[in-house]
Amino acid sequence: MDCLFCKIINGEIPSTKVYEDEFVFAFKDISPIAPVHDLIVPKTHICCANKITAENSEYIAKIFEAVPKIAQSENLETYRIINNCGEDAGQSVMHLHFHLVGGVKMGWGKESLGKTE
Ligand code: 5GP
Ligand code: ZN
């Protein structure tokens, strides 16, 4: 399958790994929007949050079990987890991923949606 994040997981495309276990791979975003910006992905191809099912949700549980470990390794006590699902929500890589961003004080409200219109 021609998927960028599948290629990163199998090492075909290099990345800066921050965490790995049987179910989960996490690496530095190539274009960070915050001092810490990691991408956490399942080691199976799920295109987006809309395709999470009872059959694959173990990967999601494992991702969220990994979150505190990754945050600790990044020295983050406070952070935000973001998932963009679908093109209009800003998803550009069609392999489910969670952005872990931190290291900066973040606002919350209408403006934080980054609306384009
Ligand atoms: P999305 O826009 O789909 O929610 O997030 C995709 C993310 O993948 C973006 O933040 C983008 O910077 C990151 N990204 C795209 N291509 C690469 C790459 O080749 N390597 C890494 N490490 N990150 C990438
Ligand atoms: Zn994939």
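A residue is called buried when its relative accessible area is under 20%, exposed when it is over 50%, and partly exposed in between, using a 1.4 Å probe and protein chains only. By that yardstick D38 is buried, with a relative accessible area of 0%. It is a good residue to start from, and we will come back to its contacts below.

First, some housekeeping. This is a predicted model, in which local features need pLDDT of at least 70 and side-chain atom pairs count only at pLDDT 80 or more, while totals for chains, interfaces and linings use all residues. Residues are numbered from 1 along each chain as its sequence is written, chains are lettered from A and ligands numbered from 1 in the order in which they are written, and side-chain values use heavy atoms, with hydrogens and water left out.

Back to D38, then, which sits in strand β3. Helices (H or I, at least four residues) and strands (E, at least two) are DSSP runs here, numbered from the N terminus. The side chain of D38 is joined to that of K28 by a polar contact of 3.3 Å. Such a contact is a pair of N or O atoms within 3.5 Å; within protein, one must be able to donate a hydrogen and the other to accept it, and residues adjacent in sequence count only if both atoms are side-chain atoms.

K28 leads us on to another partner, E74, which it meets in a salt bridge of 2.6 Å, N to O. This pair links distant parts of the chain, 46 residues apart: K28 belongs to strand β2 (residues 24–28), and E74 to the loop between α2 and β4 (79–82). K28 counts as partly exposed at 30% relative accessibility, whereas E74, at 16%, counts as buried. The cut-off for a salt bridge is a side-chain nitrogen of Lys or Arg within 4 Å of a carboxyl oxygen of Asp or Glu. Side chains of opposite charge can pair when their charged atoms come close.

The structure holds 5 salt bridges, and E20 takes part in more than one of them, as its partners K17 and K43 show. With K17, the closest N and O atoms are 2.7 Å apart; with K43, they are 2.8 Å apart. The bridge between K43 and E20 links distant parts of the chain, since K43 is in the loop between β3 and α2 and E20 is in strand β1 (residues 17–20), 23 residues apart. E20 is partly exposed, with a relative accessible area of 35%. K17 is partly exposed as well, at 47%, and K43 is partly exposed at 27%.

Next comes the metal. The zinc ion (ligand 2) has as its protein donors C3 (SG), C6 (SG), H45 (ND1) and H95 (ND1), which lie 2.0 to 2.3 Å from it. Donors are N, O and S atoms within 2.8 Å of the metal (3.2 Å for Na, K and Ca), and water is not among the atoms, so sites may look incomplete. The angles among the 4 donor atoms run from 106 to 115°, and the site is tetrahedral; for four donors, that label asks for all angles to lie between 85 and 135 degrees. Along the sequence, the donor residues are spaced C-x2-C-x38-H-x49-H. C3 lies in the segment before α1 (4–9) and H45 in the loop between β3 (36–42) and α2 (57–73), so this pair ties together parts that are 42 residues apart in sequence. C3 counts as buried at 5% relative accessibility, whereas H45 is partly exposed at 31%.

What surrounds ligand 1? There are 16 residues around it, the closest being D29, N84, G90, S92 and H99, where a residue is near a molecule if one of its heavy atoms lies within 4 Å of it. A polar side-chain atom of D29 lies 2.4 Å from an oxygen atom of ligand 1. The backbone contributes too: a polar backbone atom of S92 is 2.6 Å from a ligand oxygen, and a backbone N or O atom of G90 lies 2.8 Å from one. Taken alone, ligand 1 exposes 520 Å², and the protein buries 82% of that; these accessible areas come from the Shrake-Rupley method with a 1.4 Å probe, and for residues only the protein chains shown count as cover.

Our last stop is the segment after β5 (98–102), where K105 is found. K105 counts as exposed, at 85% relative accessibility. Its C-alpha atom is separated by 9.6 Å from that of A34, 71 residues apart along the chain.

How values were computed. Tetrahedral: all angles 85-135°; square planar, octahedral: opposite > 155°, others 65-115°.
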